[in-house]
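Got your viewer open? Let's take a walk through this model, one selection at a time.

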Amino acid sequence: MIYFKDTAIGKIGIEETGGYITKLVFENDVKKIGESRAIFDEKEAPPILLKAFQQLDEYLNGERTVFDLPLAPKGTPFTEKVWAALREIPYGRTVSYKDVAEAIGNPRASRAVGTANNKNPIAIFIPCHRVIGSNGKLVGYSAGTDLKQKLLALENTEECD
């Protein structure tokens, strides 16, 4: 089920399956989700989704720097390896796609890392917004680079070395 709620960055949908967070959907993608799986009433939402939104709200209010949620993104072994590396990027820091490629032991895979970032099903909780181009530019974000900039500003981000 996907629970939808208004947040400081617009309407967000968070999906849970078997007690794990499996997807975060931004407002621009809400229409792509079938309403048959949607929950709009907090009373119907499983506790894990209420916890996820509580932590998201705390993050957006500058009160949380680390998420404590059971995440279960589904992807290829490569994308899952990239997503695990993204979870290691500290709050308030950015890294380049090349840095992530090196972190997963595949230094020539910068473009593949970019593709994996694009396929991240649980943005924010898996912080793909902390990955920028090696030239320091914000490149791509599923909800737009304006939101990426807002999230980085919220974290008062230090640029990568």
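What follows is a stop-by-stop tour, from the whole chain down to single side chains.

**Stop 1: the whole thing**

Before you zoom in, keep in mind that this is a predicted model. Color it by secondary structure, and you should find five helices and six strands. Starting from the N terminus, the order of elements is β-β-β-β-α-α-β-α-α-β-α. The protein has 161 residues, and 47% of them count as buried. Now switch on the surface: about 8,600 Å² is exposed, with carbon and sulfur atoms supplying 47% of that area. Take the contacts in the protein with a separation of 6 or more: 61% of them are between residues 24 or more positions apart.

**Stop 2: the strands at the start**

Select residues 2-7, which is strand E1, and then strand E2, residues 10-17. The two run antiparallel and are joined by six bridges. Follow the chain from E1 to E2 and you go round a hairpin with two residues in the link. For a pair to click on, try Lys5, whose bridge partner in E2 is Ile12. Another one is Ile2, which stands opposite Glu15.

Next, add strand E3, residues 20-25. How many bridges pair E2 with E3? There are five, and this pairing is antiparallel too. Look for Gly13 opposite Val25 in E3. E2 and E3 also make a hairpin with two residues between them, and Gly18 in that turn has a positive phi of about 60°. Is E2 mostly covered or exposed? Mostly covered: six of its eight residues are buried.

**Stop 3: Glu16**

Stay in E2 and select Glu16. Its relative accessible area is 13%, so Glu16 counts as buried, the cut-off being under 20%. Which backbone nitrogen does the side chain of Glu16 reach? The one of Gly19, at 2.8 Å. Leaving out residues up to four places away in sequence, show what Glu16 touches: Met1, Ile21, Thr22, Pro46, Ile48 and Leu49.

**Stop 4: the nonpolar core**

Nonpolar side chains in soluble globular proteins tend to be buried together. Here, the largest nonpolar core has 40 residues. Select Ile14, Ile21, Leu56, Leu86 and Phe125, which have the most contacts inside that core. At least two core residues come from each of E2, E3, H1 (47-60), H2 (77-86), H3 (97-103), H4 (110-118) and H5 (145-154). Which of these gives the most? That's H1, with seven residues.

Now center on Leu86. Not counting residues up to four places away in sequence, Leu86 touches Val100, Asn117, Asn120, Ile126, Pro127, Cys128 and Val131.

**Stop 5: charged pairs**

Side chains of opposite charge can pair when their charged atoms come close. How many salt bridges does a search of the whole structure find? Four, and we'll visit some of them.

Begin with Lys5 and Asp57, whose side chains meet at 2.8 Å, N to O. Lys5 is in strand E1 and Asp57 is in helix H1, so this pair ties together parts that are 52 residues apart in sequence. Lys5 counts as partly exposed, at 25% relative accessibility.

Then select Lys11 and Asp6, where the closest N and O atoms of the salt bridge are 3.5 Å apart. Lys11 is partly exposed at 25% relative accessibility, whereas Asp6 is exposed, with a relative accessible area of 56%.

For one more, pick Glu58 and Arg64, which meet in a salt bridge at 2.8 Å, N to O. Is Glu58 buried or exposed? Glu58 is buried, with a relative accessible area of 18%.

**Stop 6: Arg130**

Finish in the loop between H4 and strand E6 (131-132), where you'll find Arg130. At 4% relative accessibility, Arg130 counts as buried. Show the residues Arg130 touches, skipping those up to four places away in sequence, and you get Tyr59, Thr65, Ile89, Pro90, Tyr91, Gly92, Arg93, Thr94, Val95, Leu152 and Glu155.

Key: Residues numbered from 1 in each chain as written. Predicted model: local features only at pLDDT ≥ 70, side-chain atom pairs only at ≥ 80, totals over all residues. Heavy atoms only, no water. Helix = DSSP H or I, 4+ residues; strand = E, 2+ residues; numbered from the N terminus. Buried < 20%, exposed > 50% of the residue type's maximum accessible area, 1.4 Å probe, protein only. Polar contact = N/O pair within 3.5 Å; in protein donor to acceptor, adjacent residues only side chain to side chain. Contact = heavy atoms within 4.5 Å. Pairing = 2+ DSSP bridges. Areas by Shrake-Rupley, 256 points an atom, 1.4 Å probe, with all protein chains shown as cover. Core = buried A, V, L, I, M, F, W, Y, C linked by side-chain atoms within 4.5 Å.
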